[in-house]
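This note is addressed to a colleague who is meeting the structure for the first time. Please read the numbered points below alongside the sequence and the model.

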Amino acid sequence: AAVRRDGGQLEFASADLQADRGVVLAAISAPSVHSSSAKSPLAFAAADLKRDPAVVLPAVQAAGVALEHADCELQSDAGIVEAAVRQSGAALAFASPELQR
């Protein structure tokens, strides 16, 4: 419940909750995620979820720089990177070198 109000609370959640897709998606959609000073909940998600486009896409749409925490394969995905850069030009720094060109 806390992650629905403040996505950053995912940092303090159990590993089981950090691996729960529903919990991570709730954290990503929390109002605090849209604050420029907030760290993306994706930073605290389990590795499997960082490889999941259905989790990473809404994360980068909410905060483009969440791309930093996505799996390297998704940092090379043109659609994911485009969504991240649309939200924040700073996200380009976290794209694969091929897509930075």
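1. The model is predicted. A suitable place to begin is S96, which is buried, with a relative accessible area of 7%. S96 sits in the loop that joins α7 to α8 (97-100). Leaving out residues up to four places away in sequence, S96 touches Q75 and S76.

2. The partner S76 belongs to another loop, the one between α6 (72-75) and α7. Is S76 buried or exposed? S76 is partly exposed, because its relative accessible area is 36% and the partly exposed class lies between 20% and 50%. S96, by contrast, counts as buried at 7%.

3. The contacts of S76 extend beyond S96. With neighbours within four places in sequence set aside, S76 is in contact with S96, E98 and L99. In addition, the C-alpha atoms of S76 and Q100 are 9.5 Å apart, although 24 residues separate the two in sequence.

4. Which residues have the most contacts inside the largest nonpolar core? They are V24, L42, V56, V60 and L67, in a core of 25 residues. At least two residues of this core come from each of α3 (21-28), α5 (53-62) and α7 (78-87).

5. L67 deserves a separate remark. Not counting residues up to four places away in sequence, L67 touches V60, L74, Q75, I80, V81, A84, A91, F94 and A95. Q75 thus appears among the contacts of L67 and also among those of S96.

6. Helix α3 has V24, A26, A27 and I28 as its buried residues. Against which helices do the buried residues of α3 pack? They pack against α1 (2-5), α2 (15-18), α4 (47-50) and α5. At the start of α3, a side-chain oxygen of D20 comes to within 2.9 Å of the backbone nitrogen of G22.

7. The pairing of α3 with α5 can be described further. Two packed helices are described by the angle between their axes and the distance between the axes. For α3 and α5 the angle is about 10 degrees, and the axes are 9 Å apart. The two helices are therefore roughly parallel to each other, since angles under 35 degrees fall in that class.

8. On the α3 side, this contact is made by R21, V24, L25 and I28; on the α5 side, by A54, V55, P58, A59 and A62. By class, the contact comprises eight nonpolar residues, no polar residues and one charged residue.

9. A59, one of the α5 residues in that contact, may be considered individually. A59 counts as buried because its relative accessibility is 1%, under the limit of 20%. Leaving out residues up to four places away in sequence, A59 touches I28, L42 and A66. The C-alpha atoms of A59 and S29 are separated by 7.9 Å, while the two residues are 30 residues apart along the chain.

10. Where does H69 lie? H69 is in the loop between α5 and α6. Although H69 is a loop residue, H69 counts as buried, at 17% relative accessibility. Apart from residues up to four places away in sequence, H69 touches K39, S40, L42, A43 and K50. L42 is thus a contact of H69 and a contact of A59, and L42 is also among the residues with the most contacts inside the largest nonpolar core.

Terms used: Residues are numbered from 1 along each chain as its sequence is written. This is a predicted model: local features need pLDDT of at least 70, side-chain atom pairs count only at pLDDT 80 or more; totals for chains, interfaces and linings use all residues. Side-chain values use heavy atoms; hydrogens and water are left out. A nonpolar core is a set of buried Ala, Val, Leu, Ile, Met, Phe, Trp, Tyr and Cys residues joined through side-chain atoms within 4.5 Å. Buried means under 20% relative accessible area, exposed over 50%, partly exposed in between (1.4 Å probe, protein chains only). Helices (H or I, at least four residues) and strands (E, at least two) are DSSP runs, numbered from the N terminus. Contact means heavy atoms within 4.5 Å. A polar contact is a pair of N or O atoms within 3.5 Å; within protein, one must be able to donate a hydrogen and the other to accept it, and residues adjacent in sequence count only if both atoms are side-chain atoms. Axes are lines fitted to C-alpha atoms, for helices over the stretch in contact, and angles run from 0 to 180 degrees between N-to-C directions. Angles under 35 degrees count as roughly parallel, over 145 as roughly antiparallel, 65 to 115 as roughly perpendicular and the rest as oblique. Ala, Val, Leu, Ile, Met, Phe, Trp, Tyr, Cys and Pro count as nonpolar, Asp, Glu, Lys and Arg as charged, and the others, Gly among them, as polar.
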